[in-house]
Amino acid sequence: MNSLLQTAITAALQAGKAILDIYDDPASDFEIEHKADHSPLTIADRVSNEIILKQLKNTPYPVISEENKATAYAIRKQWQTVWIVDPLDGTKEFIKRNGEFTVNIALVYGGRPALGVGRGVIYIPVKKILYYGTIRNGAYRADHPEYSPDMDFDALENQARRLPLDREDPVYTVVASRSHMSSDTENFIDELKKEHGEVKLTSIGSSIKICLVAEGTADIYPRFAPTMEWDTAAGHAIAKAAGKELYHQDGCTPLAYNKEDLLNPWFIVK
């Protein structure tokens, strides 16, 4: 396993452990604040971000993070290779205590997370499920990995399963946001019902949706509501490594990263 991927996995697992320590503490009030866009920010977001930045500073590449995003584009546009991080994707789900939140870490080259040096890592702390992938070596799911200062990456690789996984349910499955369902998304799903007949809808939070398409549990994820680059970069790399893609709403133009405006367009994962 490549050292940069090992670094990203270590950072994600260590951050996930710290998030769980806060999440599982019955005395924790999460120290909830609200950002300028009214989205919530908790102590877990901040602690996770600090852990990840500490790990990634040992690499030669700069970081764009949800909690560290103020670098001017005049500087950022010179970055050919960059980490894009969401230290806690699904903060609303974290606050609801439904377990549907993740740690997202991606390495992007030339505005694409899925080129030869692209890497993606997503960790679901509550379920202890790790997704990771590179375009050269494919995408994988590892169940029950936990952070250790002397992690055995050979053991992790040996137990990981390559994506997509074997699928038992033949029903065409759409995965959609639990907290951000839009009328455009509902209309899109109605059109899929006309095309495929029976359609199953699964609603879930955070980048788990992209992972479900990557592993083959779901067929498509339409997102016609606002997201940022750190919400999708890691999932994009994993999906691409699994033979899937994140497209603009047109269904053919892949998403780009480290743009002047870090807001994503509407997109489809399939």
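This is a short tour of one helix and one pocket in a predicted model.

**Stop one: helix 8**

Start by selecting residues 229–241, which make up helix 8. This helix has 13 residues, and from its first C-alpha to its last it reaches 18 Å, close to the 18 Å expected at 1.5 Å a residue.

Now turn the view until you can follow the helix from end to end. Where is the kink in helix 8 centred? Select Gly235: the kink is centred there, with an angle of about 25 degrees.

Next, show the surroundings of the helix. Is helix 8 mostly covered or mostly uncovered? Helix 8 is mostly covered, with twelve of its 13 residues buried. Among the buried residues you can pick out Glu229, Trp230, Asp231 and His236, as well as Gly235. Ile238 and Ala241 are also buried.

Before moving on, step just past the helix to Gly243, which takes a positive phi of about 90 degrees.

**Stop two: the second largest pocket**

The next place to visit is the second largest pocket, with a volume of about 200 Å³. To find its centre, select Met1, Leu5, Thr134, Asn137 and Glu157, the closest to that centre of the 13 residues that line the pocket.

Then colour strand 7 (129–134) and strand 8 (138–143), since each supplies at least two residues of the lining. Which strand gives the largest share of the lining? That is strand 7, with three residues.

Finally, colour the lining by residue type: four of its residues are nonpolar, six are polar and three are charged.

Definitions and conventions: Residues numbered from 1 in each chain as written. Predicted model: local features only at pLDDT ≥ 70, side-chain atom pairs only at ≥ 80, totals over all residues. Heavy atoms only, no water. Helix = DSSP H or I, 4+ residues; strand = E, 2+ residues; numbered from the N terminus. Expected span 1.5 Å × (residues − 1). Bend = angle between axes of the 7 residues up to and from the residue. Buried < 20%, exposed > 50% of the residue type's maximum accessible area, 1.4 Å probe, protein only. 1 Å grid on protein atoms, 1.4 Å probe; cavity = no way out; pocket = protein on both sides within 12 Å on 5 of 7 lines; lining within 4 Å. Points joined across faces, edges and corners; volume = space filled by probe spheres on them. Nonpolar A, V, L, I, M, F, W, Y, C, P; charged D, E, K, R; others polar.
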